[in-house]
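Here is a quick walk through one protein model, going from single residues to helix packing and back out to the whole chain. Have the viewer open while you read.

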Amino acid sequence: MIRVLLVDDQALLRAGLRMILENADDVDVVGEADDGATATALAVQTTPDVILMDVRMPEVDGLEATRRIRASLPDGPRILILTTFDLDEYVYAALRAGASGFLLKDTLAADLLSAIRVVAKGDAIVAPSVTRRLIERHIGTSGDPLPRTEAELRVLTEREREVLELIARGLSNAEIAGRLFLTEGTVKGHVSRILTKLGLRDRVQAVVFSYECGLVRAGA
């Protein structure tokens, strides 16, 4: 069973999400929270596999809650950010804070369940093209210095850099395999080594890293 924690300040939305998830044979809703502080406490208490996290909440928002959960449970739950708009200004920061992707609140039930299953297995990115657009919008526009440098890419082989660039452009493993004339298993091996060498959790962080170090440039 995939253990899921629901976090949203709207009780009606939480009820709708719970109804969808409880109709799935492989998902168990282990708790609900209406703010980030409660979510952090419940995450430690219930140890969910996946957290569906709203962005905008009073007091402690989803961004701060993501940071707190990642600090308290570095190897803990995968966090999927829920947002009303695909260009929510908080989502990029949440991805940097350790979220594994994000979903729009109007996502279809089947797609929501699919996303939870994918993330629970340790994969990302949900809606990669939307994630990429969001990153492109915020990279270089926040006024903050980027935390990565091109020099950090030196630990990668030339092939690994190619694979990382294609990940950042939103290609799946199968699409990367076709583009580079490799088997999908070989691509999976490259992805695993890239994440290990760069100290990244998943493909979402690989995308963020690629933009921040300049391997892929916004709008290019």
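Which residues does Thr 66 touch, not counting residues up to four places away in sequence? They are Met 53, Ile 79, Ile 81, Ala 94, Ala 97, Gly 98 and Ala 99, where contact means heavy atoms within 4.5 Å.

Before going on, the ground rules. This is a predicted model, in which local features need pLDDT of at least 70 and side-chain atom pairs count only at pLDDT 80 or more, while totals for chains, interfaces and linings use all residues. Residues are numbered from 1 along each chain as its sequence is written, and side-chain values use heavy atoms, with hydrogens and water left out.

**Two residues of H3**

Thr 66 sits in helix H3, which covers residues 62-72. Helices (H or I, at least four residues) and strands (E, at least two) are DSSP runs, numbered from the N terminus. Thr 66 counts as buried because its relative accessibility is 0%; the cut-offs are under 20% relative accessible area for buried, over 50% for exposed and partly exposed in between, with a 1.4 Å probe and protein chains only.

Ala 65 is in helix H3 too, and Ala 65 is buried, with a relative accessible area of 0%. Leaving aside residues up to four places away in sequence, Ala 65 touches Gly 36, Thr 40, Met 53 and Val 60. Ala 65 and Val 7 are 58 residues apart in sequence, and their C-alpha atoms are 9.9 Å apart in space.

**Helix against helix**

What is the crossing angle of H1 and H5? The axes of H1 (residues 11-22) and H5 (residues 109-120) cross at roughly 70 degrees and come within 10 Å. That makes H1 roughly perpendicular to H5. Axes here are lines fitted to C-alpha atoms, for helices over the stretch in contact, and angles run from 0 to 180 degrees between N-to-C directions. Angles under 35 degrees count as roughly parallel, over 145 as roughly antiparallel, 65 to 115 as roughly perpendicular and the rest as oblique.

On the H1 side, Leu 17, Ile 20 and Leu 21 meet Ala 109, Leu 112, Leu 113 and Ile 116 of H5. The residues of this contact split into seven nonpolar, no polar and no charged. For that split, Ala, Val, Leu, Ile, Met, Phe, Trp, Tyr, Cys and Pro count as nonpolar, Asp, Glu, Lys and Arg as charged, and the others, Gly among them, as polar.

Then there's H7 (residues 158-168), which packs with H10 at an angle of about 100 degrees, the axes being 8 Å apart. That makes H7 roughly perpendicular to H10. Leu 164, Ile 167 and Ala 168 in H7 meet Arg 203, Ala 206, Val 207, Phe 209, Ser 210 and Tyr 211 in H10. This contact divides into seven nonpolar, one polar and one charged.

The buried residues of H7 include Val 163, Leu 164 and Ile 167. As for H10 (residues 203-213), eleven of its eleven residues are buried, among them Arg 203, Gln 205 and Glu 212. At the N-terminal end of H10, Asp 202 acts as a cap, with a side-chain oxygen 3.1 Å from the backbone nitrogen of Val 204.

**Positive phi**

Most residues other than glycine have a negative phi. Here are some positive ones, glycines and others:

| Residue | Phi | Place |
|---|---|---|
| Thr 47 | near 45 degrees | loop between H2 (36-46) and S3 (50-54) |
| Phe 181 | near 60 degrees | loop between H8 (173-180) and H9 |
| Gly 170 | about 90 degrees | just after H7 |
| Gly 214 | about 90 degrees | just after H10 |

Thr 47 is partly exposed, at 46% relative accessibility, whereas Phe 181 is exposed, at 76%.

**Glu 184**

Glu 184 belongs to helix H9 (residues 184-198) and is partly exposed, with a relative accessible area of 39%. Glu 184 touches Asn 173, Ala 174 and Ala 177, again not counting residues up to four places away in sequence. The C-alpha atoms of Glu 184 and Asn 173 are separated by 6.1 Å, with the two residues eleven apart along the chain.

**Zooming out**

The protein has ten helices and five strands. Of its 220 residues, 48% are buried. Among contacts with a separation of 6 or more, 68% are between residues 24 or more positions apart.

Conventions:
Polar contact = N/O pair within 3.5 Å; in protein donor to acceptor, adjacent residues only side chain to side chain.
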